[in-house]
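Trainee: Could you show me how to read burial, strand pairing and enclosed space in a model like this one?
Mentor: Let us take these topics in turn, with the structure in view.

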Amino acid sequence: MAKCFALMGWSLPVIESMQKLNKPYVVVSFPDFEGYAKENNIPFVSYQFDEWSDTSNSLDLYEKLKPFEADVAVPLFEETVEWAGALNSIYRGDPRVLNRAFLFRNKAMMKRKALIGGLRVGLFEEVYNKEGVKNFMKRLNQANLQIDGEQDSWVHIKPFASAGTVGHRLLRSMQDIEEKCQESDFPCLAESHLPGTEFSCEAFIHGGKIRFLNITEYVKLGYSNFIPEGHHLHSKRDKIMKEMQKLVDLFGIEYGMIHPEWFLTENDELSFGEVACRIPGGHILELAAKAYDFDALGAFVLCHDPSLTEEELNEILPPLDARPKQFYGNVMIYPHKDVINKLEIPDELKEESYFLDHNLIPPYTNQKINSREGFGNHFGTVNFKGEDPDRMTELLLHYENVDFYH
């Protein structure tokens with residue numbers, strides 16, 4: 001077992017998991033959290049992750065972590081992936097660990113690696129201004145044999161290293177490029193639209209092999225999902241598992257958990273979207289913990305430890321072929337108005353047998369809603385539990401459009 005896990009980023013649920021498991025840890029995060037950590041006896045190292053210089057680097061952080069005997073670094077958030085990769089390169093004596101971390105942080109590099117390895121990906125290009133996006137759309141139109149008057153091929157642009165949907169823009173036309181693109185968007189990755197059903201996987205990896213695989217069904221990206229996957233995706237599980245192991249082998253991933261997003265077409269072809277190696281959004285690990293009855297956050301941390309034994313792995317992870325009978329889903333709630341005054345829970349929700357609970361909080365009087373970057377911060381979730389994934393889908397779609405804030 002690791003002497004001490006360096007948790008890269010502040011997450012109270014992860015800290016609580018480590019305390020329950022009685023595993024040694026130290027939190028590495030911004031100085032803002034230091035006071036709370038001291039008050040609550042949380043081992044803590046203050047560090048500015050947004051600075052990288054001669055005096056602020058992985059070698060300096062390595063020295064600061066020595067008193068805690070840290071020997072495994074775990075990235076909790078997107079912005080700490082390189083830091084964890086750099087530390088683990090030192091701990092394992094393997095510089096390629098840092099190189100792999102860069103794959104997760106640069107979407108263009110990630111796509112090139114996937115393409116070289118034989119994964120199915122869309123067309124993509126690094127662009128530096130609006131003209132670059134327009135030229136990319138023109139080339140897509142030509143490749144799709146468009147004729148005059150037909151709709152332009154859709155283009156997505158996204159930052160190289162941001163998490164989730166932050167900075168992600170869908171451009172359906174040349175006019176969209178002109179109106180939606182800002183100078184601050186560039187440089188960025190432009191890619192073709194991938195058709196099909198989008199879903200994610202959460203693969204817990206140890207020794208280069210997938211030890212447990214969850215498939216999360218997206219009802220609507222950024223709004224709702226449920227676990228485990230519905231009947232159709234489940235029928236493709238063997239195919240998905242093979243592509244997942246191919247991804248693990250291709251990227252040289254040895255330890256931890258990865259969270260890739262895929263698209264399944266009507267012709268049963270799988271296209272690779274992108275992949276992350278930190279805690280996924282959408283409360284996915286919380287849903288997985290409920291559905292499979294295990295400490296998903298604790299398992300996420302422990303799988304980063306190369307010294308973990310087979311017995312310990314079996315203790316913390318569900319069986320590879322586990323299939324829960326109950327489905328757990330949630331819908332993330334965003335106010336529909338610019339100014340809100342009260343929270344209203346509809347009676348139909350309270351009477352719904354699948355309704356589990358919610359954590360929505362009443363607003364202040366005349367509370368203004370800030371414009372969102374990506375999908376922004378939701379006001380809370382409404383959680384569901386039931387045996388029928390089709391009914392779960394109906395409920396999540398319905399309550400996504402219900403206005404809880406007035």
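Mentor: A residue counts as buried when its relative accessible area is under 20%. Please keep in mind throughout that this is a predicted model.

Trainee: With that cut-off, how many residues of strand E10 are buried?
Mentor: In strand E10, residues 209-220, 9 of the 12 residues are buried, so the strand is largely enclosed by the rest of the structure.

Trainee: Which strands are joined to E10 by bridges?
Mentor: Strand E9 (residues 197-206) runs antiparallel to E10 and is joined to it by 8 bridges, with Cys201 having Ile215 as its bridge partner. Strand E11 (residues 224-227) is also antiparallel to E10, through 3 bridges, and there Lys220 is partnered with Ser224.

Trainee: What should I look for in the turns?
Mentor: E9 and E10 form a hairpin with 2 residues between them, and Gly207 in that turn has a positive phi of about 65°. The hairpin of E10 and E11 has 3 residues between the strands, with Gly222 in the turn at a positive phi of about 85°.

Trainee: How is enclosed space found?
Mentor: Rolling a probe the size of a water molecule over the atoms shows where empty space is left. Here the search of the whole structure finds 1 cavity of 30 Å³ or more, and the largest cavity has a volume of about 260 Å³.

Trainee: Where does the largest cavity lie?
Mentor: Domain 1 (5-105) and domain 3 (195-322) both contribute residues to its lining, so the cavity lies between them. Of the 20 lining residues, Arg92, Val97, Phe104, Tyr255 and Cys277 lie nearest the centre, and by class the lining has 12 nonpolar, 5 polar and 3 charged residues.

Conventions: Residues are numbered from 1 along each chain as its sequence is written. This is a predicted model: local features need pLDDT of at least 70, side-chain atom pairs count only at pLDDT 80 or more; totals for chains, interfaces and linings use all residues. Side-chain values use heavy atoms; hydrogens and water are left out. Buried means under 20% relative accessible area, exposed over 50%, partly exposed in between (1.4 Å probe, protein chains only). Helices (H or I, at least four residues) and strands (E, at least two) are DSSP runs, numbered from the N terminus. Two strands pair if DSSP finds at least two bridges between them. On a 1 Å grid over the protein atoms alone, a cavity is a set of points where a 1.4 Å probe fits but cannot get out, and a pocket is an open set with protein on both sides within 12 Å along at least five of seven lines; lining residues have an atom within 4 Å of a point. Grid points are joined across faces, edges and corners, and a volume is the space filled by probe spheres set on the points. Ala, Val, Leu, Ile, Met, Phe, Trp, Tyr, Cys and Pro count as nonpolar, Asp, Glu, Lys and Arg as charged, and the others, Gly among them, as polar. Domain bounds come from an automatic or database domain assignment.
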